[in-house]
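Below are some comments on the charged side chains of this model, set out as numbered points for you to check against the coordinates.

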Amino acid sequence: MKISVKFFARYREALGIDGLEIEGVFQQVEDVRQALLSRDGAEVLAEQNLMCARNEELCQLDEPLEDGDEVAFFPTVTGG
């Protein structure tokens, strides 16, 4: 299974890339996140308030995946 992954805001800065393609056996978005945690700078993906999207729609980490999906990770946005 091949998944396209995009990173936004400070996640992109921490990882030093804005995206990549990853191959493996992934059932849900959480599986992709776990696979990425071993990369340099990826500790930001361990945050509890992490937001994610599958194919440009907000989702939860338990969202199921299909081959060719796009997953995006980004921090929550707060305002004042």
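1. The model is a predicted one, and I begin with the pairing of R54 and E63, whose side chains form a salt bridge in which the closest N and O atoms are 3.2 Å apart. The two partners fall into separate accessibility classes: R54 counts as buried because its relative accessibility of 19% is under the 20% limit, whereas E63, at 24%, counts as partly exposed.

2. R54 also forms a salt bridge with D69, and here the closest N and O atoms are 2.7 Å apart. Because D69 lies in the loop between β4 (57–59) and β5 (70–74) while R54 belongs to strand β3 (residues 51–54), this pair ties together parts of the chain that are 15 residues apart in sequence. D69 has a relative accessibility of 5% and therefore counts as buried, so that in this bridge a buried acid meets an arginine that is itself counted as buried.

3. How many salt bridges does a search of the whole structure find? The search finds six, and a further one to inspect is that between the side chains of K2 and E23, with an N to O distance of 4.0 Å. This pair links distant parts of the chain, since K2 sits in strand β1 (residues 2–7) and E23 in strand β2 (residues 19–23), with their positions 21 residues apart in the numbering.

4. As for the surroundings of that pair, K2 is partly exposed, with a relative accessible area of 38%, while E23 is exposed, its relative accessible area being 59%. E23 is classed in this way because its value is over 50%. Salt bridges that share partners join K2 and E23 with E21 into one network.

5. A separate point concerns R33, which is placed in helix α2 (residues 29–36). Is this arginine buried or exposed? R33 counts as buried, because its relative accessibility is 11% and the limit for that class is 20%. A polar atom of the R33 side chain lies 2.7 Å from the backbone oxygen of L45, and the residues that R33 touches, leaving aside those up to four places away in sequence, are L45, A46, L50, L61 and F73. L45 thus appears both in the polar approach to the R33 side chain and in the list of residues that R33 touches.

Key: Residues are numbered from 1 along each chain as its sequence is written. This is a predicted model: local features need pLDDT of at least 70, side-chain atom pairs count only at pLDDT 80 or more; totals for chains, interfaces and linings use all residues. Side-chain values use heavy atoms; hydrogens and water are left out. Helices (H or I, at least four residues) and strands (E, at least two) are DSSP runs, numbered from the N terminus. Buried means under 20% relative accessible area, exposed over 50%, partly exposed in between (1.4 Å probe, protein chains only). A polar contact is a pair of N or O atoms within 3.5 Å; within protein, one must be able to donate a hydrogen and the other to accept it, and residues adjacent in sequence count only if both atoms are side-chain atoms. Contact means heavy atoms within 4.5 Å.
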